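Open the model in your viewer and set it to cartoon. The stops below go from sheets to cavities, with a selection to make at each one.

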Amino acid sequence: MIILEKHQEEQLQKTKNYNKGILTAPTGTGKTYPMAFVASDAIKEGVEVVMVKFPRISLVTQQVGSFVAIFNQELLSYQQPYQIMIHSGNDIEFIDYKSLAEELENGKISIKKYKELEVNRLKETCGLANIEAVSSFQEACIKINAQPKGKPIVVYTTYHSNQKSVDIIETCGLNIELDINDEAQYLVQEKFFECIENYSPPRQYFWTATLKSQVESWIKEETGRGMKNKLIFGDIIYSMSIINAIKNNLIVPMIKSWVSIGNTTISESDLDKNTYQIVDETFKDLDSKFKLGGKLLVAVGKKKQLRNLIKKSKHFTDKGIELLTVHSDRNLVTYNGNIITREKFESLKDDLGKDENTKLIIAHYDILSEGIDIQGMLGVLILRNMSESKFLQTIGRACRIYRPNPELKKFGMVYFPNLDVDLTNNFEELIQKMRQEGYIPIEQFTPINRSGDSSDIPPSEEEGIARRIDLNIQLQLE
C-alpha cells in the first residue's frame with residue numbers, strides 16, 4: 001500500500017487549502033505521489049477532467065505508473081478514470097521517425113503499417129499498454145467523446161502539446177477542472193507561458209525544485225513570465241529547503257571533487273581529445289568510495305566528447321563497466337560502442353540501473369537532467385557550464401536515497417574537471433548555497449536569455465562555437 005510520508009502529506013493538505021499555487025521541494029524528495037493523490041482526491045470529489053503535464057515524454061512514461069497505482073488503490077471501480085496521453089506525434093526521443101519515413105518512402109511499408117508501428121512503438125517505450133496514446137487531434141476527440149457521460153478523464157501530456165490538449169478538451173465540450181504541472185520551471189519559457197496565460201482552471205498547481213523569476217528593466221517580476229507572477233502561478237504554498245531535506249533523510253548530501261589526468265590540470269583541448277580518460281579517472285574514484293556497483297552520469301559539453309567516449313568504449317567494457325550514451329543525434333545513442341534505438345537505450349538504462357552490482361556510465365548532452373531516476377546513481381561528472389536550475393536538476397540524479405539499503409549510499413559525488421581555466425566558481429557558489437539554512441533555489445533570467453532556460457541557447461556542434469550565459473559571468477566554453 002502506498003502511504004505518503006509526512007512532507008508529502010503536507011503538500012497534499014496545502015492543495016486542499018489553496019486552489020492555485022507553487023509547491024517547491026528538492027529533486028529526489030518525491031513529488032509524484034502527492035500529485036497523484038491530488039488527482040485521485042479530486043476524482044472522488046466529482047472532478048471530471050484532470051490534466052497532468054510534464055516537460056517531456058520520458059517523464060510521462062516514468063511517472064504515469066505511479067498515478068495508475070494510486071488510482072487503483074484509492075478509487076472504486078466506478079470511479080476509475082479514462083486515461084489518455086496526448087503527444088505531439090514527432091517525439092524523436094522515443095520513435096525513430098526518420099527510419100520509419102525512409103521505409104515509407106521506399107515502399108517497404110504502407111501508410112497504415114507506418115501508423116500502426118508509430119502507435120505500437122510509443123506504447124511499448126512508454127509502458128502505456130493500458131493507456132491510450134494518440135497524436136491525432138481528431139482521434140483524441142473521438143476517443144474522449146466515446147466515454148460514458150460523467151466518466152472521469154485524466155489527460156497526460158507535455159508542455160509542447162499543452163495548447164493542443166486544451167483545444168481537444170474544449171472541442172469535446174468539457175472543461176479542465178484540475179491542472180497539475182511537474183517540473184513547472186519550464187513554463188516560464190515564452191512558448192509555454194503563452195498557453196497557461198490563456199486558460200485558468202478552477203484548481204491549478206505547479207511543482208518544481210527550481211523556481212525561476214524574470215528580471216527585465218521594463219517588466220516587474222510580479223507581472224512577467226517568472227514564477228513571481230502570482231496571477232499565473234499563485235503563491236508558494238509549500239516549500240522545503242535542500243538542507244532540511246538532507247536533515248530529514250529525504251536526500252543525501254553531495255560531496256564535490258576535481259578530476260585531473262595525472263598531476264596536471266586539463267586543457268580545453270584535452271577535454272575533447274581525452275574525455276574517456278577524465279571519465280575513467282572519475283569512475284575509479286567513485287568506485288572506490290562505495291560498496292554498490294559504481295554508477296556515473298556524465299554531462300558532456302558537445303558531440304566530440306561523446307564520440308571520444310564511444311570510440312573508447314572497449315576501454316570501459318574491458319574493466320566490466322557498461323557504457324550508455326544518448327544524444328538527439330541517433331548515431332550517438334549507443335551501448336558499449338554499438339548504435340541502438342532510443343527504445344533500447346531506455347530499456348537498458350532501467351535494467352542496468354536497477355542492478356545493484358552493475359557498473360554503469362551514462363553519458364548525455366542535455367537529455368537526462370530530469371528524465372532519469374536511478375536510486376543507485378552515485379555521482380555526476382559535469383563537463384560544461386549550466387544554469388542554476390539545470391545544475392541542481394543534474395546533481396539531483398545522484399542525491400536520491402538508495403532505498404533498498406540506505407547505508408550503502410550516505411552521500412553522492414559531483415565531479416568537475418580540473419581545467420587550466422576557472423570554470424567552476426559558479427558551481428562552487430551554488431554548492432555553498434545548498435548548505436545554507438532555508439535556501440530555496442530561484443534562478444533569474446534576463447533579456448539575454450529570454451526563454452528562461454540556458455539549454456535553449458543553441459548547443460555547439462562540431463568545430464562550432466557556443467557561449468553559455470550565466471547571470472554572474474559569461475564563459476567561452478569552446
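Which order do the strands take in the open sheet of eight strands with parallel pairing? Colour β4-β3-β5-β2-β6-β7-β1-β9 in that sequence and you have it. Keep in mind throughout that this is a predicted model.

**Stop 1: the edges of the parallel sheet**

Select residues 132-134 (β4) and 236-239 (β9), which stand at the edges. Each has a single partner strand, so one side of each is left without a neighbour in the sheet. Now look along the sheet: neighbouring strands are turned by 15° against each other on average, direction ignored.

**Stop 2: β2 and β6**

Select 49-54 for β2 and 178-181 for β6; the two strands run parallel and are joined by four bridges. To find one place where they meet, label Val-50, whose bridge partner in β6 is Leu-178.

Next add 162-171, which is helix α7. This helix packs on the sheet and touches β2, β3 (82-86) and β5 (153-158). The direction of α7 makes about 170° with that of β2.

**Stop 3: the mixed sheet**

Move to another open sheet of eight strands, this one with mixed pairing. Its order is β10-β17-β16-β11-β15-β12-β13-β14. Select 254-259 (β10) and 338-339 (β14) to mark the edges. Both have a single partner strand, so one side of each is left without a neighbour in the sheet.

**Stop 4: β12, β15 and a helix across them**

Select 321-326 and 359-364, the strands β12 and β15. They pair in the parallel sense over six bridges. Label Ile-321 and Lys-359: the lysine, in β15, stands opposite the isoleucine.

Then show 303-311, helix α13. The helix lies across β12, β13 (334-335) and β15, and runs at about 150° to β12.

**Stop 5: the cavities**

Switch on a cavity display if your viewer has one. How many cavities of 30 Å³ or more does the structure hold? There are three. The largest has about 140 Å³ of space.

To centre the view on the largest cavity, select Pro-26, Thr-27, Ile-242, Leu-392 and Met-434, the residues nearest its centre among the 17 that line it. Helices α10 (242-247) and α16 (388-395) each supply at least two residues of this lining.

Finally, colour the lining by residue class. Of its residues, 13 are nonpolar and four are polar, and none is charged.

Definitions and conventions: Residues are numbered from 1 along each chain as its sequence is written. This is a predicted model: local features need pLDDT of at least 70, side-chain atom pairs count only at pLDDT 80 or more; totals for chains, interfaces and linings use all residues. Side-chain values use heavy atoms; hydrogens and water are left out. On a 1 Å grid over the protein atoms alone, a cavity is a set of points where a 1.4 Å probe fits but cannot get out, and a pocket is an open set with protein on both sides within 12 Å along at least five of seven lines; lining residues have an atom within 4 Å of a point. Grid points are joined across faces, edges and corners, and a volume is the space filled by probe spheres set on the points. Ala, Val, Leu, Ile, Met, Phe, Trp, Tyr, Cys and Pro count as nonpolar, Asp, Glu, Lys and Arg as charged, and the others, Gly among them, as polar. Two strands pair if DSSP finds at least two bridges between them. Contact means heavy atoms within 4.5 Å. Axes are lines fitted to C-alpha atoms, for helices over the stretch in contact, and angles run from 0 to 180 degrees between N-to-C directions.
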